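Student: I've got a model open and want to talk through its contacts. Can we start with the charged pairs?
Tutor: Sure, here it is.

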Amino acid sequence: MCVFGSGRRGPGGPTEYRCLVERILYTLRFPRYIYTAKSLYGDTGELIVEEVLQRGEMTMSSVVKTVADRLTHNMEDGRSMDYSEVISAFSSLVDTHFLQRCLAACGKGNAATSSEKTPNSSAATPESLTDCYKLPQINLRGRGKRRRSSGDSDVDQRGGKRAKLENKELCGDEGVFWQVNFERFHLHFRDQAIISAVASKMDQTSSEIVRTMLRISEMTTQPNAAYTQPLSANEIFRALPASYNISRSTLDQYLTLLVDDPMEFVGKSGDSGGGMYVVNLHKALANLARATLESVVQERFGSRSARIFRLLLRKRHLEQKQVEDFAMIPAKEAKDMLYTLLSENLVQLQEIPKTPDHAPSRTFYLYTVNQLPTARMLLQHCYKTVGNLIERRLFETRENKRHLEKSQRIEAILASLQVSGAEPAQLTEVEEMITAPERQQLEALKHHINKMDSSENQVDETIFLLESYISSTKTSH
């Protein structure tokens with residue numbers, strides 16, 4: 001979350017520290033990173049990403065041992081997780097660039113080297129290393145170990161493990177630290193948003209074609225590219241999953257439909273190889289951001305205001321009379337809606353005078369929507385919403401602190417009794433220590449907190465979409 005480096009006086013001056021606001025905001029997205037790893041690489045991938053996110057940077061051997069121990073602890077007695085299985089999942093995450101090596105300065109180097117390299121490490125600096133995704137040869141064989149005491153806290157165990165690792169034999173990857181490649185996760189989220197949009201706009205087969213195009217070109221397309229590398233229809237046909245059973249002629253028809261669609265998710269860049277096709281990444285993001293803005297207007301101000309908003313997005317500049325005619329809304333209502341949207345900064349008013357004196361009678365007043373500034377404003381609202389949700393969740397937790405602590409104590413007692421093989425009557429007696437009203441209050445609290453957590457994740461999806469669109473406009477300009 002913070003980096004340090006030489007200040008304005010140069011290397012000889014005092015070390016200065018800088019806060020990485022972007023990285024701090026990424027903590028909102030941690031559950032999404034972990035869930036993505038789980039959906040792609042199972043429980044092992046989930047725990048690998050979770051451990052690296054919590055620590056910031058870890059060696060491969062340390063990750064393998066920690067994750068194997070955690071998985072073994074959750075297995076039945078007599079079973080354990082082999083290190084080789086965790087190494088395989090780790091290798092897959094590195095091969096697909098979800099994990100990358102840290103800079104030399106991010107390891108245990110001295111402050112002098114850190115000061116020169118670290119300040120820019122928030123960008124794609126690790127990508128410049130030739131061995132950014134090269135796995136070290138590690139000498140690590142064995143299986144995960146089960147924790148002896150369930151009463152110890154995770155923090156104490158991790159601290160103990162870290163101390164033990166330093167005293168054990170060398171694994172061959174000392175000093176080679178790994179971190180989560182946030183940029184790669186963001187590209188995956190962007191691709192998934194495009195695929196979902198195509199599925200909802202057209203059908204599942206169209207989305208599978210776009211998914212295949214994105215999968216083929218994901219390792220060759222630059223992160224800020226406006227469109228993917230051109231792919232021939234033959235390449236796309238060969239890469240399609242066999243389960244879809246799409247004929248070549250059907251594929252050509254679908255590609256033609258995608259190219260002709262007004263959303264312009266797919267474009268045609270040539271005719272060789274049965275036709276060369278690209279996914280228009282920046283246009284897709286612009287359309288997704290536009291749909292988000294329209295949705296916000298509809299939810300807040302109703303369908304008629306959304307109709308006016310869409311009309312202005314499509315026609316760019318319109319007078320009030322034209323808005324009334326095109327939207328087919330009575331003059332009084334259209335005027336009220338336009339002024340409401342104007343007061344919320346969702347619509348702008350542009351004056352075009354016929355004469356230099358700017359006389360109202362000789363001036364055109366045109367309503368318009370500037371998508372980029374509107375997206376920036378909505379992004380600020382989203383951050384404010386997330387802040388309010390976090391504040392509310394903390395407030396609810398503070399208000400019910402006593403009930404939560406009591407519930408945790410009883411759960412700990414029940415767990416220890418179950419381990420020691422207590423009778424059902426004893427367990428029931430302990431459970432009844434929480435009264436019915438308290439249980440009801442805890443259930444309500446759990447429901448509210450889950451709802452707020454879910455809302456945070458949903459707002460963060462909107463934040464990601466708007467940030468990606470704003471970022472794409474910077475690179476395209």
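Student: How many salt bridges are there?
Tutor: The count comes to 21 salt bridges. Bear in mind that this is a predicted model.

Student: Which residue does Arg190 meet in a salt bridge?
Tutor: Asp191. The N to O distance between the two side chains is 3.2 Å.

Student: Are those two buried or exposed?
Tutor: Arg190 counts as buried, because its relative accessibility is 11%. Asp191 is at 7%, so Asp191 counts as buried too.

Student: What about Arg211, which residue forms a salt bridge with it?
Tutor: Glu208 does, with the closest N and O atoms 3.4 Å apart. Both residues sit in helix H8, residues 204-217. They are three residues apart, about one turn of the helix.

Student: And is each one buried or exposed?
Tutor: Arg211 is partly exposed, with a relative accessible area of 28%. Glu208 is buried, at 7% relative accessibility.

Student: Where do Arg393 and Asp453 lie?
Tutor: First the pair itself: their side chains meet in a salt bridge, 3.4 Å from N to O. Arg393 lies in helix H15 (residues 371-399) and Asp453 in helix H18, so the salt bridge ties together parts that are 60 residues apart in sequence. Asp453 counts as partly exposed, at 30% relative accessibility.

Student: Which residues are linked in a network of salt bridges?
Tutor: Glu50, Glu51, Arg55 and Arg70 are linked that way.

Student: Back to H18. What does the side chain of Ser468 reach?
Tutor: The backbone oxygen of Phe464, at 2.8 Å. Ser468 is found in helix H18, which covers residues 436-476. Ser468 counts as buried, because its relative accessibility is 14% and the cut-off is under 20%.

Student: New topic: disulfides. How many?
Tutor: Zero.

Student: Why no bond between Cys2 and Cys19?
Tutor: Cys19 holds the closest cysteine sulfur to that of Cys2, but the gap is 4.6 Å, too far for a bond. A disulfide needs the sulfur atoms within 2.5 Å.

Student: Is Cys2 buried or exposed?
Tutor: Exposed, at 54% relative accessibility. Cys102, by contrast, is buried, with a relative accessible area of 8%.

Student: Let's do a helix. How many residues has H12?
Tutor: Helix H12 has 13 residues, 303-315. From its first C-alpha to its last it reaches 18 Å, close to the 18 Å expected at 1.5 Å a residue.

Student: Which residues of H12 are buried?
Tutor: Ser305, Ala306, Ile308, Phe309, Leu311, Leu312 and Leu313.

Student: What do they pack against?
Tutor: Four helices and a strand: H11 (281-301), H13 (320-327), H14 (331-343) and H15, plus strand S10 (363-368).

Student: What happens just after H12?
Tutor: Arg316 takes a positive phi of about 75 degrees there.

Student: Now zoom out. How many helices and strands in the protein chain?
Tutor: There are 18 helices and ten strands. The chain has 477 residues, and 41% of them are buried.

Student: And how much do residues 24 or more positions apart account for?
Tutor: They account for 67% of the contacts with a separation of 6 or more.

Student: Last one: what area does the chain expose?
Tutor: About 26,900 Å². Carbon and sulfur atoms supply 50% of that area.

Key:
Residues numbered from 1 in each chain as written. Predicted model: local features only at pLDDT ≥ 70, side-chain atom pairs only at ≥ 80, totals over all residues. Heavy atoms only, no water. Helix = DSSP H or I, 4+ residues; strand = E, 2+ residues; numbered from the N terminus. Buried < 20%, exposed > 50% of the residue type's maximum accessible area, 1.4 Å probe, protein only. Contact = heavy atoms within 4.5 Å. Areas by Shrake-Rupley, 256 points an atom, 1.4 Å probe, with all protein chains shown as cover. Polar contact = N/O pair within 3.5 Å; in protein donor to acceptor, adjacent residues only side chain to side chain. Salt bridge = Lys/Arg side-chain N within 4 Å of Asp/Glu carboxyl O. Expected span 1.5 Å × (residues − 1).
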